[in-house]
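Grab a coffee and work through these exercises at your own pace. Try each task before you read its solution.

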Amino acid sequence: MRTLDQREETLEAASRDFGRTVRKRPLAVARPNSVGEVVEIVRHANRERIPLTVRGAGHSQSGQSLSDGGILLDTQGLNQIGEIEDDQIRVQSGVPWRDLVHAVYAHGYLPPALTTHLSVTVGGTLSVAGLSTTSHSCGSQADNVTELEVVTGDGRRLRCSADGNPALFDCARCGLGQFGAITEARVRLRKALPNVRTYGLVYEDVCVLMQDLELIVRDDRFQYIDGWCTPVARDPWRILSGELFAHHVFFVYLSVEWDETPPDEEELLGGLHHSVLANRSDSPTLEFVTHKELRSLQSRPGFDAPKPGSNGEAGSGRPKWFDDWSQTHPCTEGVLPWDAFPRFITDVASELPGPVARTARIMLGPFRGERFRAPLFMHPQGELLMGYGILIEAPPSEMEEVLPVLARESRRIIEAGGKRYLSGWLDFDRRDWQTHYGDLWPRMLEWKREFDPRRILNPGGIPLSP
């Protein structure tokens, strides 16, 4: 096929994802520029029984967007953005969220949920879920689409929604590309106000933190909640010796949009029990949502913000961390039961080895369980939930030390009653996958038979064979 690229440099470049913990070499790379070409490629793969993996920006961390000896279908050529109609917009799956944000903000809109890193693609995050600092009120990105266009594993080009082809709609969202390639989505939008005020709060007691977050979420006080924590040692010499850390300090960034009148600080912060109000800042909304990556890194003590034009920004206004593909980035993320989190994070402080803790960013954020409606986004039951993740950046030579720590963290999330978030580093076997999906597993096998009967799609992912 003319759309298949088998040049050596192309195959080598496509053999790694952002995590860089796994290497898989495809047989060929396909870069379609139209949905018609996607249909042609999928039908060819189906006819010849060639494995086919769908890839957006490739920001998975465990090879989920890699192909081992099959066709890698790169969707980034599907980059068209439609017109806004009835507070919704049609957008092709290869569009980066950053491009969509700029397009709709020009008309006074924003998507309700945005991931911290906006260079990932629309189709990529919808295939996983797409969690956001607004997910406590808006759910995931997958909960904020009303219709999808999907090319199924047997080459059918179908539209689906809650009212039409609902089974395909249910399994394409958060389905890790197992049932079809998302080619277009109709995304909900919301009106955006021009300014954002952010309060940075510091907590030293996890129980106080949890009480305040519960109050904030129940009262809907803030649109954005961004939480991070840092392991610290009571004796700084213990850090140098590589011993374990003693406890955490928690940083919470609470933000709200406003127009002409600044928000009432007394009303927003009333009744909270933070140790310190570390900062208060205002910024234009567009700048705020497109620089969340930088703010998240700045929440880590000792981080020096890159200067404009420096190598640290990779020429894009973003910290190098989000563009540096020479480092490994294995992440272990999940959603925990609310009541399990205080004990869980205390154990992290006492068990995380110093060499790992020094390079890790530990994130947290509250969710409302009822806001998550996409069936294949697995999460614990409960009104309130806590998102948690360890983000690592390290040279490949350190993975022998880091990966066993992340494997232990993955097991601890599950043993605490939590569910893993599936774009990160995974070491699941078939039993782990079945446990993750629980009662939905038989239905997923049925969906696989219906939409990908020859099982060509993403064979290195969820093991949906008989």
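Where is G155 found? G155 is found in the loop between strand 8 and strand 9.

A note before we go on: this is a predicted model, in which local features need pLDDT of at least 70 and side-chain atom pairs count only at pLDDT 80 or more, while totals for chains, interfaces and linings use all residues. Residues are numbered from 1 along each chain as its sequence is written, and side-chain values use heavy atoms, with hydrogens and water left out.

**Exercise 1. Describe the surroundings of G155.**

Step 1. Start with the elements. Helices (H or I, at least four residues) and strands (E, at least two) are DSSP runs, numbered from the N terminus.

Step 2. Look at the hairpin of strand 8 and strand 9. It has 4 residues between the strands, and G155 takes a positive phi near 90° there.

Step 3. Check the accessibility of G155. Accessible areas come from the Shrake-Rupley method with a 1.4 Å probe, and for residues only the protein chains shown count as cover. Buried means under 20% relative accessible area, exposed over 50%, and partly exposed in between. G155 has 0% relative accessibility and counts as buried.

Step 4. Find a contact that is remote in sequence. I41 is 114 residues from G155 along the chain, and their C-alpha atoms are separated by 8.4 Å.

**Exercise 2. Work out how strand 8 is paired and how it is covered.**

Step 1. Recall the rule: two strands pair if DSSP finds at least two bridges between them.

Step 2. Take strand 9 (residues 157–160). Its pairing with strand 8 is antiparallel, over 4 bridges, and V151 stands opposite R157.

Step 3. Turn to strand 10 (residues 180–188). Here 7 bridges make the link to strand 8, again with the strands antiparallel. L148 has A185 as its bridge partner in strand 10.

Step 4. Now the cover. In strand 8 (residues 145–152), 8 of the 8 residues are buried, so this strand is largely enclosed by the rest of the structure.

**Exercise 3. Build up the open sheet of 4 strands.**

Step 1. Write down the order, which is 1-2-4-3, with mixed pairing. Strand 1 (4–5) and strand 3 (52–55) are the edge strands, each pairing on one side only.

Step 2. Go from strand 1 to strand 2 (residues 28–30). They run antiparallel and share 2 bridges, with L4 opposite A30.

Step 3. Continue to strand 4. Strand 2 runs parallel to strand 4, joined by 3 bridges, and A30 faces L73.

Step 4. Finish with strand 3, which pairs with strand 4 in the parallel sense over 4 bridges. In this pairing, V54 stands opposite L73.

Step 5. Inspect the two faces of strand 4. I71 and L73 lie on one side, L72 and D74 on the other, and all are buried.

**Exercise 4. Which residue forms a salt bridge with D74, and what does the pair tie together?**

Step 1. Begin with the principle. Side chains of opposite charge can pair when their charged atoms come close.

Step 2. Apply the criterion: a side-chain nitrogen of Lys or Arg within 4 Å of a carboxyl oxygen of Asp or Glu. By this rule the count comes to 26 salt bridges.

Step 3. The partner of D74 is R31, with the closest N and O atoms 3.9 Å apart. D74 lies in strand 4 (residues 71–74) and R31 in the loop between strand 2 and helix 2 (35–48), so the pair ties together parts that are 43 residues apart in sequence.

Step 4. Compare the cover of the two residues. D74 is buried at 13% relative accessibility, whereas R31 is partly exposed at 42%.

**Exercise 5. Place two further salt bridges and a network.**

Step 1. E383 forms a salt bridge with R218, the closest N and O atoms being 2.6 Å apart. E383 lies in the loop between strand 17 (360–368) and strand 18 (384–392) and R218 in helix 7 (residues 206–219), so the pair ties together parts that are 165 residues apart in sequence.

Step 2. R343 and D347 meet in a salt bridge at 3.3 Å, N to O. Both lie in helix 12 (residues 341–351), 4 residues apart, about one turn of the helix.

Step 3. A network of salt bridges links R90, E147, E149, R157, R159 and E184.

Conventions:
Buried means under 20% relative accessible area, exposed over 50%, partly exposed in between (1.4 Å probe, protein chains only).
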